[in-house]
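Open the model in a viewer with cartoon and stick representations available. The stops below give a selection to make and then describe what is found there.

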Amino acid sequence: MKKALCAVAALAICATSAFAAKKVTLTVWESDGPEKEFINWAAKEFVKTHKNVKIKYEPVDSPSARSKIELDGPAGVGADVFVAPHDHIGALVNGGHVLPNADASYIDQFVDAAKTGASYKGQVYGYPLAIETYALFYNKDIISEAPKTWEDVAKFAATYNDKSQNKYALVWPVSDGYYGYMFMSAYGAQLFGPKGDDRAQHNINSAAAKEGLTYFQKLRGRILDVPSADMTGDFCNSSFTEGKSAMIITGPWKIADFTNAGVKFGIATIPEFPGQGKPATSFSGVRLAFVSAYSDFPEEAAEFARFLTDKANLEKRFQITKQIPPRKDITINDPLSNGILEQTRYAVPMPTIPQMNTYWSAMGSAYAGIWDGDDVTADLNAAAQAMESAR
């Protein structure tokens, strides 16, 4: 009997050793730049205590990760862990592309916005890395103080702009629905209603949205007379870095790049619209790590995703990326991040319902067309029709 028990014990030890020795390679998708630097740093730290694990980083821009995992995941060539904005969570969950977090108490370490962003229909799926919104970045060598209103921006542009030199007071990707929302919401339009979860209340062609987008269209001739197709992110970023544009609307993901480029800049809230008396409303987002449902190593992938969000590691991530950590037990206080934090007071979370996919495509076309001179009502009605026809 003792021999039999010893044999069983020996088999168990062998099985445990075999499991411990299992070689694991985790593929991680995250944006290039400072985010890549953090992932590579975290990978080196993680493998110190996980000798059987290898981390393979691949540069995938976070907004593109959802569409890529939808194709690459079923094909067996996708990531084990990938980073995406929280508004993609509905489509990711409904498509069966991500795994839920097995620890129900995990999310209690994070601020409410992160808890909401990481959850879908009462289940936690995401691992929060950062809270972000966009704000007004201004070059202090060109303009000493940030303008408080859009009318102030227009007045500055009248003295600063020089189209022949590609000099403009303020730049941003005018056809990007992420930034365009500040104009749609300028006079009270709420995408998908007060809670952001009612597709019937898209409000895309509401009277308030038309008022905001009419003002948006008029700004082209006043502050930025450039076709929408030319207003790419690369153009905007290079204009600001090179000192041709005095201001840019972007987010904390550019703080490290602009700092490394030697730009002396500040960050302030987005200018007020006429008659509103407060900074413009922006979209806020939570940057989340997800564990792919197609991973061959879901336990190790979940362990690494959680490792990324440990307190010490998110503090390190902030040092590298300057993106605001979403944990309750981390406090930050520096002039640049404080500007982002101030704008979050006027930000609303991006809705997470799957119909956000239609918002991005339909309203991206509408913002571009309206900027380029289309009839505002016609373009918004077309976007509304696309929203109402979407499944």
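Select residues 135-139 and 245-250 in this predicted model. These are strands β7 and β9, which pair in the antiparallel sense over four bridges. Show side chains for F137 and I248: F137 stands opposite I248 in β9. Both strands are mostly covered. In β7, five of the five residues are buried, and in β9 six of six are buried.

Keep β7 on screen and add residues 265-268, strand β10. Four bridges join β7 to β10, and the two run antiparallel. To find the register, pick Y138, whose bridge partner in β10 is G266. β7 therefore has antiparallel bridges to β9 as well as to β10, under a cut-off of at least two bridges for a pair.

Go back to β9 and add residues 168-171. What is the sense of the pairing between strand β8 and β9? It is parallel, over three bridges. Y168 marks the register here, standing opposite S245 in β9. When stepping along any of these strands with side chains shown, a general rule helps. In a regular strand the side chains alternate between the two faces of the sheet.

**Strand β6 and E132**

Select residues 127-133, strand β6. Seven of the seven residues are buried, so β6 is largely enclosed by the rest of the structure. Now add residues 282-291, strand β11. β6 and β11 run antiparallel and are joined by six bridges. Y127 stands opposite A289 in β11.

Within β6, pick E132. Is this glutamate buried or exposed? E132 counts as buried because its relative accessibility is 9%, against a cut-off of under 20%. To see what surrounds E132, leave aside its neighbours within four places in sequence and show its remaining contacts: Y178, P252, W253, F283, S284, G285, R287 and Q323.

**The loop between α7 and α8**

Select the loop between α7 (177-184) and α8 (207-223). Two residues in it are worth picking for their backbone angles. F192 is found in this loop, and it has a positive phi of about 60° although it is not a glycine. N203 is found in the loop as well, and N203 also has a positive phi of about 60° without being a glycine.

Which class of accessibility does each one fall in? F192 is buried, with a relative accessible area of 0%. N203 is partly exposed, with a relative accessible area of 26%.

**Helix α14 and A362**

Select residues 356-371, helix α14, and pick A362 within it. A362 counts as buried, at 11% relative accessibility. Not counting residues up to four places away in sequence, A362 touches A383 and A386. Next, draw a distance from the C-alpha atom of A362 to that of I204: the separation is 9.9 Å, with the two positions 158 residues apart along the chain.

**The loop between α8 and α9**

Move to the loop between α8 and α9 (233-241) and pick A229. A229 is exposed, with a relative accessible area of 65%. Draw a C-alpha to C-alpha distance from A229 to D296: they are 41 Å apart in space and 67 residues apart in sequence.

**The whole chain**

Now clear the selection and show the whole protein. Colouring by secondary structure gives 15 helices and 12 strands. Along its principal axes the C-alpha trace spans about 90 × 50 × 35 Å. The radius of gyration is 23 Å, which agrees with the value near 21 Å for a compact globule of 391 residues.

Of the 391 residues, 53% count as buried. Among contacts with a separation of 6 or more, 76% are between residues 24 or more positions apart.

Finally, switch to a surface. The protein exposes about 17100 Å², and carbon and sulfur atoms supply 51% of that area. Colour by charge to see the 39 positive and 44 negative charges, whose mean positions are 6 Å apart.

Notes
Residues are numbered from 1 along each chain as its sequence is written. This is a predicted model: local features need pLDDT of at least 70, side-chain atom pairs count only at pLDDT 80 or more; totals for chains, interfaces and linings use all residues. Side-chain values use heavy atoms; hydrogens and water are left out. The radius of gyration is taken over C-alpha atoms; the globule rule is 2.2 Å times the number of residues to the power 0.38. Buried means under 20% relative accessible area, exposed over 50%, partly exposed in between (1.4 Å probe, protein chains only). Contact means heavy atoms within 4.5 Å. Accessible areas come from the Shrake-Rupley method with a 1.4 Å probe; for residues, only the protein chains shown count as cover. Lys and Arg count as positive and Asp and Glu as negative; His and the chain ends are not counted. The place of a charge is taken as NZ of Lys, CZ of Arg, CG of Asp or CD of Glu.
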